Amino acid sequence: MPELSRCWRPAYPLDAVTVLSPLRRGRGDPCLRHDDGGRTWVTGNTSEGPGTLVFRVCGDGTVEARAWGDGAQVLLDGLPDLLGAADDDSGFVAHHDVVARARRRLPSLRLTSTGRVWDALVPAVLEQKVTRYEAHRSWRELCRWFGAPAPGPVPEGLRIPPTPAAILSISDWQWHRAGVDLRRRSTLVAAARVAHRLEEAVALRGERGRALLRAVPGVGVWTAAEVAQRAWGDADAVSFGDFHVPSIVGYALVGRALDDEGLAEVLAPYAPQRQRVVRYLQAMGYSRPRFAPRYPVRDYRAI
């Protein structure tokens, strides 16, 4: 299998782990892995087919990358945007001291942009209304059973995310085995049937791109925002309806929990870069205080 390569040097300090953290679905994510050699492995379905990308950041800041598969060139071409080169924070003003401190402490935080809707949509739908543990488990199992092995000399277990055709091939008992309930599987099937159209959202961007995603039954404001944040680095796509985000932002900025209406009010001065504030707070490790037992983990396979 031919290997393609490129070198690229960003014009900014790069922290690849932080930039790519929104893409990683748990430590066992079979589609994104950081190894002990300082390399990062990323797989994906591109317009040209599946591909594997691996890169490392050298001491002088240069990024050395290699890629394999039909989508190798697409992944290499998209390397700068993947690592935040397309992110534009000009005009951003910190209206809270907490945000100003985060901005000073995290000068390398940039928003990733994969350029691929489908690969971001599947795990986002899996995370609807369940714990992250449940969603990540389903993601791993769907990738292992229905995602192809990643092309190239890759670490064991690295997989390509399931394609739309693979999602449409999954039977009811296989969905059940993967722990995916009827509502989420119906959303994924509906999305798979129009997946080629959904990729147009990257070119539309912003609210128009998110509106296109919401045309799929079962894809609401939260899911569309989660995809937009990753597929085109949407700096204003806040995940309204999230279980954690209103409390994280609320306690960090005003000292109390918020609902979605309160979240929108507090973040309003930051438009059109409201999601950037959320990323700063998340990267700084802010979390909602725990006053009760954790949300129970369900196993749909036992139903």
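Start by selecting D35 and R39: the two form a salt bridge, and their closest N and O atoms are 2.8 Å apart. Keep in mind as you look around that this is a predicted model. R39 is partly exposed, with a relative accessibility of 32%.

Now select R184 and D181. Here too the side chains meet in a salt bridge, at 2.5 Å from N to O. Are these two residues buried or exposed? Both R184 and D181 are buried. Next, show E207, R210, R214 and D234 together: salt bridges that share partners join these four into one network. If you like a tally, the count for the model comes to 15 salt bridges. As a reminder of the chemistry, side chains of opposite charge can pair when their charged atoms come close.

For the next stop, pick R66 and E3. R66 forms a salt bridge with E3, and 3.5 Å separates the closest N and O atoms. What does this pair tie together? R66 belongs to strand β5 while E3 sits in the segment before β1, so the salt bridge links parts that lie 63 residues apart in sequence. Colour the two by accessibility and you will find R66 partly exposed at 29%, and E3 also partly exposed, at 43%.

From R66, move on to the sheet. Select the five strands and follow them across in the order β1-β5-β4-β3-β2; they form an open sheet with antiparallel pairing. Which strands stand at the edges? They are β1 (4–8) and β2 (32–34); each has a single partner strand, so one side of each is left without a neighbour in the sheet. On average, neighbouring strands of this sheet are turned by 20° against each other, direction ignored.

Zoom in on β1 and β5 (residues 63–68). The two run antiparallel and are joined by five bridges. To see one facing pair, select W8, which stands opposite V63 in β5.

Finish at helix α5, residues 118–126. Nine of its nine residues are buried, so the helix is largely enclosed by the rest of the structure. Walking along α5, you pass W118, D119, A120, L121, V122, P123, A124, V125 and L126, buried residues one after another. What covers them? Show the surroundings piece by piece: the cover includes strand β3 (39–46) along with the helices α6 (132–146), α7 (164–168), α9 (182–193), α10 (195–198) and α13 (221–231).

Conventions
Residues are numbered from 1 along each chain as its sequence is written. This is a predicted model: local features need pLDDT of at least 70, side-chain atom pairs count only at pLDDT 80 or more; totals for chains, interfaces and linings use all residues. Side-chain values use heavy atoms; hydrogens and water are left out. Two strands pair if DSSP finds at least two bridges between them. Helices (H or I, at least four residues) and strands (E, at least two) are DSSP runs, numbered from the N terminus. Axes are lines fitted to C-alpha atoms, for helices over the stretch in contact, and angles run from 0 to 180 degrees between N-to-C directions. Buried means under 20% relative accessible area, exposed over 50%, partly exposed in between (1.4 Å probe, protein chains only). Contact means heavy atoms within 4.5 Å.
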